[in-house]
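Me: Please take a close look at one part of this protein for me, the sheet. I would like to know how its strands are ordered and paired, and what packs on it.

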Amino acid sequence: MGNSSGIGVLDKSVLVLQTAAERPCNLAELTDATGLPRATAHRLAVGLETHRLLARDGAGRWIPGPALAQLAASAHDAVRDAALAVLPGLQEITGESVQLYRREGAERVCVAAVEPPTGLRDTVPVGMRLPMSAGSAARVLAAYAEPDARANLLSDAVYTDRSLAEVRRRGWAQSAGERADGVASVSAPVHDADGTVVAAVSVSGPIDRMGRRPGERWAADLVAAAQRIGTRL
């Protein structure tokens, strides 16, 4: 179920929300995806629908409800806001997709993204959750995680403790075909005023365009963008 608060009904409700956010679900699909008993999944989904946190599409499947957008609109995320002032310029420089990721446990979440207007791209929707086991952004976030958290992440990761030390030494990470076949990326850490790494900024795109060593081309621009985001914090 991912992170646990110790409050069973809350954790199950969040699981139902996350599942419906990933794709529209009818009751059978929701039950299969969450592993919850049919009656429990139905009761929670209907309750969330009552509070407008879930809604129904034309086929009667549960989808994210309007209350989620209203809550999100009122939320202030300083890191995201700082990134949105910088990412468009980085996208113009590179011509590729750019993202900002934050680590949540054993996952990383895309909290901001800017896509090229045309052409083949690596589209990562805002809100998408990806594993911390692979990819340049995962490497950056793992490299600067607390030692205990880093040790836990290494258990099923494609990277090693030694490679994470190299990330810290040079200040960026790159990958090719690690998260997805045919996709290359390069990422750098975003530091807050205290020097803590709060996010990773990334450039990603087809290997055919970016090459297998995208850091040789884009690392300097990426590190500069990460520094500009940090300065805005």
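Reply: Two strands count as paired if DSSP finds at least two bridges between them. The model is a predicted one. With that in mind, start in the middle of the sheet. β3 and β8 are joined by five bridges and run antiparallel. One contact to look for is Leu 100, whose bridge partner in β8 is Val 201.

Now turn to the other neighbour of β3. Strand β3 covers residues 97-104 and strand β4 covers residues 107-114. Seven bridges hold this antiparallel pair together. Leu 100 appears here too: its bridge partner in β4 is Ala 112. The β3 and β4 strands form a hairpin, with two residues between them. Gly 105 sits in that turn and has a positive phi of about 65°.

Next, the β6 and β7 end. Strand β6 spans residues 173-176, and strand β7 spans residues 183-191. They pair in the antiparallel sense over four bridges. Ser 175 has Ser 185 in β7 as its bridge partner. This is a hairpin as well, with six residues between β6 and β7. In its turn, Gly 177 has a positive phi of about 70°.

Put the pairs together. The sheet is open and has six strands, in the order β5-β4-β3-β8-β7-β6, with antiparallel pairing. Its edge strands are β5 (129-131) and β6, each of which pairs on one side only. On average, neighbouring strands are turned by 30° against each other, direction ignored.

What packs on the sheet? Helix α11, residues 215-232, does. It touches β3, β6, β7 and β8 (197-206). The direction of α11 makes about 30° with that of β7.

Where does this sit in the chain? The protein chain is divided into domain 1 (8-73) and domain 2 (78-231). Their C-alpha centres lie 30 Å apart.

A brief look at the other end of the chain gives some context. UniProt, in an unreviewed entry, lists residues 7-66 as "domain: HTH iclR-type". Over residues 7-66 the chain is 62% helix and 10% strand. The end C-alpha atoms of that stretch are 25 Å apart.

One helix pair there is worth finding. Helix α1 (residues 8-22) packs against helix α3 (residues 38-50) at an angle of about 75°, with the axes 10 Å apart. That angle makes α1 roughly perpendicular to α3. By class, their contact has six nonpolar, two polar and one charged residues. From α1 come Val 9, Lys 12, Ser 13, Val 16 and Leu 17. From α3 come Thr 40, Leu 44, Ala 45 and Leu 48.

Back to the sheet for a last check. Find Leu 100 in your viewer, then look for Ala 112 in β4 and Val 201 in β8.

Note on methods
Residues are numbered from 1 along each chain as its sequence is written. This is a predicted model: local features need pLDDT of at least 70, side-chain atom pairs count only at pLDDT 80 or more; totals for chains, interfaces and linings use all residues. Side-chain values use heavy atoms; hydrogens and water are left out. UniProt positions are given in the numbering used here, feature names are shortened, and annotations may be inferred rather than shown by experiment. Domain bounds come from an automatic or database domain assignment. Axes are lines fitted to C-alpha atoms, for helices over the stretch in contact, and angles run from 0 to 180 degrees between N-to-C directions. Angles under 35 degrees count as roughly parallel, over 145 as roughly antiparallel, 65 to 115 as roughly perpendicular and the rest as oblique. Contact means heavy atoms within 4.5 Å. Ala, Val, Leu, Ile, Met, Phe, Trp, Tyr, Cys and Pro count as nonpolar, Asp, Glu, Lys and Arg as charged, and the others, Gly among them, as polar.
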